[in-house]
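Reader: Hello! I would like a close look at one helix in this model, and then a walk through whatever else in the fold can be described at the same level of detail. Could you take me through it in one go?

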Amino acid sequence: MKITIAHGSGGKSTADLIDSVFAKYFSNPVLNMMEDSAVVDGSSKIAVTTDSFVVTPLFFKGGDIGRLSVCGTVNDLLMRGAVPKYITSAFIIEEGADTDRLEKIAKSMADTAHEAGVTVICGDTKVIEGSGGIYINTTGVGFVKESTDIASTNLREGDAIVVSGNMGDHHATILSARMGIENNIKSDNAPLGEMVRKMLKSGIELHCMRDVTRGGLGTVLNELARASKVSIELAEEKIPVDAEVKSFAKILGLDILHMGNEGKLVAVMPKEQAQQAVDIIKSCKYGENAQIIGEVKHGSGVTMVTPIGGKRQVNVLYGEGLPRIC
């Protein structure tokens with residue numbers, strides 16, 4: 001099998017590659033859970049995650065690859081209920097890269113790390129032949145309370161599905177930049193620590209959290225439904241989308257449910273606590289458009305109820321969700 005761009009999309013091709021190659025040789029109980037970050041034993045429980053960032057362009061409306069790398073790493077830790085503490089930073093730099101641009105990226109990483117409350121504790125730099133590209137690999141470590149159990153296998157019939165804000169912003173931003181389309185859309189790349197900490201402190205029974213990145217909301221919810229052996233039903237009119245992003249997607253024939261974000265989460269909790277969760281998220285920076293969008297039910301798969309009462313099957317992303325967003 002030859003590797004194609006679709007294998008990095010976060011959809012079915014990515015899952016097939018993971019199952020046929022990496023899971024085959026690296027299989028262990030922690031890795032097999034396929035969570036956003038691994039929760040393992042240390043002096044107490046710790047969460048560990050690793051990620052690589054290859055986005056083009058390096059700078060885009062609302063952010064850059066430096067900010068993106070910190071947000072992506074920190075948010076993966078947060079989705080398991082961890083308190084992010086440390087990250088590593090490894091740069092792979094193509095010959096010909098401009099040092100001024102590299103410095104701007106490094107500063108952006110430092111500023112975002114400060115905002116997220118994490119420390120960059122080690123790093124590495126490699127230079128390779130090329131045409132000025134810059135790529136970043138990060139590893140994040142966070143601490144998890146012994147009593148915390150937030151995982152994709154914990155969804156229960158009757159649970160509510162909450163999203164922290166508008167879908168598709170980052171995807172639309174990167175695609176606009178790649179295509180030279182002028183608009184006011186900005187990336188949502190952001191660390192989500194405040195809303196996660198406040199929900200945990202409030203006593204809300206968080207069964208699961210996931211950040212909505214590659215593959216989009218549709219892929220994420222299918223992964224959760226499969227892991228917990230349940231079905232999820234969405235209300236289309238409840239899914240928050242910025243008007244300009246919605247128009248952009250319609251013009252280009254894109255499905256909002258398969259457009260990625262870099263500063264939004266899905267949270268699952270008992271439905272009687274869902275409105276409290278929404279109120280908490282809305283009180284936080286980056287959470288003003290939070291909404292209850294669906295419910296966990298008996299069965300399998302993900303469906304969406306349209307405004308006129310019809311039902312649509314929601315599948316995982318197939319092929320490449322152009323462009324590469326992180």
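Author: Gladly; what follows starts with helix α5 and then moves on to another helix pair, an aromatic pair, a few single residues and some backbone details. Please keep in mind throughout that this is a predicted model.

Let us begin with the helix itself. Helix α5 spans residues 193-202, and its buried residues are Gly193, Met195, Val196 and Met199. Which elements cover these buried residues of α5? The cover includes helix α2 (65-78), strand β9 (208-211), strand β11 (265-270) and helix α8 (274-282). Just after α5 comes Gly203, whose phi is positive, at about 90°.

Of the elements named in that cover, α8 can be described in more detail. The axes of α5 and α8 come within 9 Å and cross at roughly 140°. An angle over 145 degrees would count as roughly antiparallel, and at roughly 140° the two helices are therefore oblique to each other. The handedness of this crossing is right-handed. On the α5 side the contact is made by Met195, Lys198, Met199 and Ser202, and on the α8 side by Gln276, Ala277, Ile280 and Ile281. Sorted by class, that contact has 5 nonpolar, 2 polar and 1 charged residues. Met195 and Met199 thus appear both among the buried residues of α5 and in the contact with α8.

A second helix pair can be set beside this one. Helix α4 (residues 169-179) packs with helix α7 (residues 243-252) at an angle of about 55°, and their axes are 10 Å apart. That angle makes α4 oblique to α7. Here the crossing is left-handed, whereas that of α5 and α8 is right-handed. From α4, the residues making the contact are Asp169, Ala172, Leu175, Ser176 and Met179; from α7, they are Val245, Phe248 and Leu252. By class, this contact of α4 with α7 has 6 nonpolar, 1 polar and 1 charged residues.

Now to the aromatic rings. How many aromatic pairs does a search of the whole structure find? The search finds 1. The pair is Tyr86 with Phe143: the ring centres are 6.3 Å apart and the planes stand at 75°, so the pair is edge-to-face. The two partners come from distant parts of the chain, 57 residues apart, with Tyr86 in strand β5 (residues 83-94) and Phe143 in strand β7 (residues 134-144). Tyr86 is partly exposed, at a relative accessible area of 32%, and Phe143 also counts as partly exposed, at 40%.

Strand β5 also holds Ile87. Is Ile87 buried or exposed? With a relative accessible area of 1%, Ile87 is buried. Leaving aside residues up to four places away in sequence, Ile87 touches Val70, Thr73, Val118, Thr119, Val120, Ile121, Cys122, Thr139 and Gly140. As for a distance across the model, the C-alpha atoms of Ile87 and Val316 are separated by 30 Å, and these residues are 229 places apart along the chain.

Another buried residue is found in a loop. Thr213 lies between β9 and α6 (216-228), and at 19% relative accessibility it counts as buried, because the cut-off is under 20%. With residues up to four places away in sequence not counted, Thr213 touches Gly260, Asn261, Glu262 and Ile325.

Finally, some backbone details. Most residues other than glycine have a negative phi, and most peptide bonds are trans. Against that background, the peptide bond from Thr56 to Pro57 is cis, with omega near 5°. Pro57 lies in the loop between β2 (45-53) and β3 (59-60). Lys229 is not a glycine, yet its phi is positive, at about 60°. Lys229 sits in the loop between α6 and β10 (231-235) and counts as exposed, at 71% relative accessibility. Tyr286, also a residue other than glycine, has a positive phi near 80°. Tyr286 is placed in the loop between α8 and β12 (291-297), and at 23% relative accessibility it counts as partly exposed. That brings us back to α8, the helix that crosses α5 at roughly 140°.

Terms used
Residues are numbered from 1 along each chain as its sequence is written. This is a predicted model: local features need pLDDT of at least 70, side-chain atom pairs count only at pLDDT 80 or more; totals for chains, interfaces and linings use all residues. Side-chain values use heavy atoms; hydrogens and water are left out. Buried means under 20% relative accessible area, exposed over 50%, partly exposed in between (1.4 Å probe, protein chains only). Helices (H or I, at least four residues) and strands (E, at least two) are DSSP runs, numbered from the N terminus. Contact means heavy atoms within 4.5 Å. Axes are lines fitted to C-alpha atoms, for helices over the stretch in contact, and angles run from 0 to 180 degrees between N-to-C directions. Angles under 35 degrees count as roughly parallel, over 145 as roughly antiparallel, 65 to 115 as roughly perpendicular and the rest as oblique. A crossing is left-handed if the near helix is turned anticlockwise from the far one by less than a right angle, and right-handed if clockwise. Ala, Val, Leu, Ile, Met, Phe, Trp, Tyr, Cys and Pro count as nonpolar, Asp, Glu, Lys and Arg as charged, and the others, Gly among them, as polar. Rings of Phe, Tyr and Trp (its six-membered ring) pair if their centres lie within 6.5 Å; planes under 30 degrees apart count as stacked, over 60 as edge-to-face and the rest as tilted.
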